[in-house]
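Biologist: I've got the fold open at my bench and want to talk through how its pieces pack. Could you walk me through it?

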Amino acid sequence: FFLAELQLQIGDEVSARSFYEQAASHESMAGRAYVAMAQLAVERGDAAAALELLDRPGVADAGLATLETRARLAALIDDQDGVDRLIEQIRGVVDGSMAAGIGIEASVVVIEADLGDPTRAVELADVLLAAQPGNIAANDAVAWAAHRNGDRAVAEEHIELALRTGTLDPQ
């Protein structure tokens, strides 16, 4: 699974899909691998492939990533009711995590900015950044939320911090 993630980081989607398929053959990784492949299908605009992958065994156990991918798929097929329902489910998970003192992921900020409420995304970004001030992904999420909310100055400030690729991430 992680080899697939690395392949994506270097821009090799073909190799990434191959590694995800290998990971899917292991029961403990199958759900996460299917969700990751569905994410790639949504990014390619292939709703049919994404739907097929999300219906495979183990996907429901992949957690927040499943909800996020289903929300993006709903947006792809112009199902606004589905998007709204899934964003509410994601918010429920996030609110529960935050109430339990569990941190949030950068992807939550991005999905809220893209498909939900950009103002709420900025609020979540502030929580994320307070917990992980030097984290590259956190700064990237803050930049995206600020951009989607129309705050160019904050977006530019945090994208500069996020562009520290090739440096050691202190988190």
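Biologist: At what angle do helix α7 and helix α8 pack, and how far apart are their axes?

Modeller: Keep in mind that this is a predicted model, where local features need pLDDT of at least 70, side-chain atom pairs count only at pLDDT 80 or more, and totals for chains, interfaces and linings use all residues. Numbering starts from 1 along each chain as its sequence is written, and side-chain values use heavy atoms, with hydrogens and water left out. Helices are DSSP runs (H or I, at least four residues; strands are E, at least two) numbered from the N terminus, and axes are lines fitted to C-alpha atoms, for helices over the stretch in contact, with angles running from 0 to 180 degrees between N-to-C directions. On that basis α7 (residues 106–115) and α8 (residues 118–131) pack at about 165°, with axes 8 Å apart.

Biologist: Does that make α7 and α8 roughly parallel or antiparallel to each other?

Modeller: Angles under 35 degrees count as roughly parallel, over 145 as roughly antiparallel, 65 to 115 as roughly perpendicular and the rest as oblique. The angle here is about 165°. The two helices α7 and α8 are therefore roughly antiparallel.

Biologist: And is the crossing of α7 and α8 left-handed or right-handed?

Modeller: You call a crossing left-handed if the near helix is turned anticlockwise from the far one by less than a right angle, and right-handed if clockwise. For α7 and α8 it comes out left-handed.

Biologist: How do the residues of the contact of α7 with α8 divide by class?

Modeller: Contact means heavy atoms within 4.5 Å. It is made by Ala106, Val108, Val109, Glu112 and Ala113 of α7, together with Pro118, Arg120, Ala121, Leu124, Ala125 and Leu128 of α8. For the classes, Ala, Val, Leu, Ile, Met, Phe, Trp, Tyr, Cys and Pro count as nonpolar, Asp, Glu, Lys and Arg as charged, and the others, Gly among them, as polar. The split for α7 with α8 is 9 nonpolar, no polar and 2 charged.

Biologist: How many of the 10 residues of α7 are buried?

Modeller: Buried means under 20% relative accessible area, exposed over 50%, and partly exposed in between, using a 1.4 Å probe and protein chains only. In α7 the buried ones are Ala106, Val108, Val109, Ile111, Glu112, Ala113 and Leu115. That makes α7 largely enclosed by the rest of the structure, because the buried count is 7 of the 10.

Biologist: Which helices do the buried residues of α7 pack against?

Modeller: One partner you've already met, since Val108 and Val109 are among the α7 residues touching α8. The full set of partners is α5 (64–76), α6 (80–99), α8 and α9 (136–148).

Biologist: Is Arg120 buried or exposed?

Modeller: Arg120 sits in helix α8. With a relative accessibility of 17%, Arg120 counts as buried.

Biologist: Which side chain does a polar contact join to that of Arg120?

Modeller: A polar contact is a pair of N or O atoms within 3.5 Å; within protein, one must be able to donate a hydrogen and the other to accept it, and residues adjacent in sequence count only if both atoms are side-chain atoms. Setting aside neighbours within four places in sequence, Arg120 touches Arg91, Val94, Asp95 and Glu112. The polar contact, at 3.4 Å, is with Glu112.

Biologist: What about α6 and α8: are they roughly parallel or antiparallel to each other?

Modeller: Their axes come within 13 Å and cross at roughly 30°, in a left-handed crossing. So α6 and α8 are roughly parallel.

Biologist: Is the phi of Asp78 positive or negative?

Modeller: Most residues other than glycine have a negative phi. Asp78 lies in the loop between α5 and α6 and is exposed, at 71% relative accessible area. Its phi is near 60°, so to speak on the other side of zero: positive.

Biologist: How far apart in space are Ala47 and Leu73, C-alpha to C-alpha?

Modeller: Ala47 is in helix α4 (residues 47–54) and is buried, at 16% relative accessible area. Beyond its neighbours within four places in sequence, Ala47 is in contact with Leu73, Leu76 and Ile77. Ala47 and Leu73 are 26 residues apart in sequence, and their C-alpha distance is 6.5 Å.
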